[in-house]
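Subject: Structure handover and findings

Hello,

I am passing on the structure we discussed, with my notes on what turned up in it. Please look it over before you read on.

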Amino acid sequence: MCRRRFPEALSKLEHLLNITPDDIDTIVLKARIAQAEGDLPRASALLAPLQPGVGYVNALETQVYQAILEAQPAAVIAQLKEILAMPDQSLGFYVGELRFWLGWAQQVAGDHAAARESWSQARNELESFLKEQPENFILMGDLALTNMGLGDNNAALALAERAIEMFPIEKDTLTGPRPLEILARVTARAGDPERSISTLEKLLSIPYEAPLAANPPLTPALLRLDPMFEPLRKDPRFQKLVVSSVAK
């Protein structure tokens, strides 16, 4: 998956399902591949029957991401509100991460006041955890995107750059590029298309594990569908990336 060899990955996942039918995590991985290939109907067919609950954060976030990609967030907003009304504190900082997703879904729905409220609460929770876990690059990414949503671009950039410095690609080729994707997203929204697009060019040329609803890395299809890259849509360099074939 991380090398974008999706047919091979799907073959392995089918083998897994033959051994453990209806395994939620395996089905979610199949759906993430469908998203990465731009096949939202196939992803929806896989995700719709699932009722992962809060114990399957990755599955839940993949469902939210699907709703965001489809621009139909109403159902997942209601679901997240119900979960976050009485959050399971054993999830730790993932409660704040789910609040980030709620804010993103609310923004896509056009409810900017609710999105800001969700992101403000997420920032407070995530900042508290980051004080306890100052080297947690996942937390840094969540907090960077949350600050970006709140319009605090300087804080978002500082967190993204801090994560890149602490966890360079040379340290871990699988997860090291994750902070780079955060940087690409932050700079896209912060009005720095040059830096965002050059980072995206780098990301499309390498294998890695994505930071959001983790697994498949960015693909041209995801660049086309993901609303976080909306500010880049009219840039010819970005348009070239969107129509390019997936890099090996």
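Below are the notes on open and enclosed space, nonpolar cores, salt bridges and two single residues. Please bear in mind throughout that this is a predicted model.

**Pocket**

The largest pocket has a volume of about 270 Å³. Its lining comprises 15 residues, and those closest to the pocket centre are Leu47, Ala48, Gln63, Val76 and Gln79. Three helices each contribute at least two residues to the lining: α3 (40-47), α4 (57-70) and α5 (74-85). Of the elements involved, α4 gives the most, with 4 residues. By residue class, the pocket lining divides into 7 nonpolar, 7 polar and 1 charged.

**Cavities**

Rolling a probe the size of a water molecule over the atoms shows where empty space is left. Here there are 2 cavities of 30 Å³ or more.

The largest cavity has a volume of about 70 Å³. Its lining is made up of Phe137, Ile138, Gly141, Asp142, Arg178, Pro179, Ile182, Pro211 and Leu212. The elements that give two or more residues to this lining are α8 (137-149) and α10 (178-189). The largest share, 4 residues, comes from α8. The lining of the largest cavity splits into 6 nonpolar, 1 polar and 2 charged residues.

The second largest cavity has a volume of about 40 Å³. Around it are Arg32, Tyr65, Glu181, Arg185, Ala210, Leu212, Pro216, Pro217, Leu218 and Leu222. This lining has 7 nonpolar and 3 charged residues, with no polar ones. Leu212 is listed for both cavities: it lines the largest and also the second largest.

**Nonpolar cores**

Which residues of the largest nonpolar core touch the most other members? They are Trp101, Trp104, Leu200 and Leu223, in a core of 73 residues. Leaving aside residues up to four places away in sequence, Trp101 touches Glu61, Val64, Tyr65, Ile68, Leu80, Leu212 and Ala213. Another core lies apart from the largest one; it has 9 residues, among them Leu17, Ala31, Leu47 and Leu50.

Two of the residues named here also appear among the Trp101 contacts and in a cavity lining: Tyr65 and Leu212 touch Trp101, and both line the second largest cavity. Leu47, listed for the 9-residue core, is also among the residues closest to the centre of the largest pocket.

**Salt bridges**

Side chains of opposite charge can pair when their charged atoms come close. The structure holds 13 salt bridges, and a few are described here.

Asp152 pairs with Arg123, with the closest N and O atoms 3.7 Å apart. This bridge links distant parts of the chain, 29 residues apart: Asp152 is in the loop between α8 and α9 (153-166), while Arg123 is in helix α7 (residues 112-132). Asp152 has 30% relative accessibility, so it counts as partly exposed. Arg123 is also partly exposed, because its relative accessible area is 22%.

Glu194 forms a salt bridge with Arg237, and the closest N and O atoms are 2.4 Å apart. Here too the pair links distant parts of the chain, with Glu194 in helix α11 (residues 193-204) and Arg237 in helix α13 (residues 236-243), 43 residues apart. Arg237 has a relative accessible area of 32% and is therefore partly exposed.

A further bridge joins Arg233 to Glu230, where the closest N and O atoms are 3.1 Å apart. Glu230 is partly exposed, with a relative accessible area of 46%. Elsewhere, Glu37, Asp39 and Arg42 are linked in a network of salt bridges.

**Two single residues**

Thr26 lies in helix α2 (residues 24-36). Is Thr26 buried or exposed? Its relative accessibility is 6%, so Thr26 counts as buried. Not counting residues up to four places away in sequence, Thr26 touches Leu13, Leu16 and Leu17. Of these contacts, Leu17 is also listed as a member of the 9-residue core.

Val243 is found in helix α13. With a relative accessible area of 70%, Val243 is exposed. Val243 and Thr219 are 24 residues apart in sequence, and their C-alpha atoms are 9.9 Å apart in space.

Regards

Note on methods:
Residues numbered from 1 in each chain as written. Predicted model: local features only at pLDDT ≥ 70, side-chain atom pairs only at ≥ 80, totals over all residues. Heavy atoms only, no water. 1 Å grid on protein atoms, 1.4 Å probe; cavity = no way out; pocket = protein on both sides within 12 Å on 5 of 7 lines; lining within 4 Å. Points joined across faces, edges and corners; volume = space filled by probe spheres on them. Nonpolar A, V, L, I, M, F, W, Y, C, P; charged D, E, K, R; others polar. Buried < 20%, exposed > 50% of the residue type's maximum accessible area, 1.4 Å probe, protein only. Contact = heavy atoms within 4.5 Å. Salt bridge = Lys/Arg side-chain N within 4 Å of Asp/Glu carboxyl O. Core = buried A, V, L, I, M, F, W, Y, C linked by side-chain atoms within 4.5 Å.
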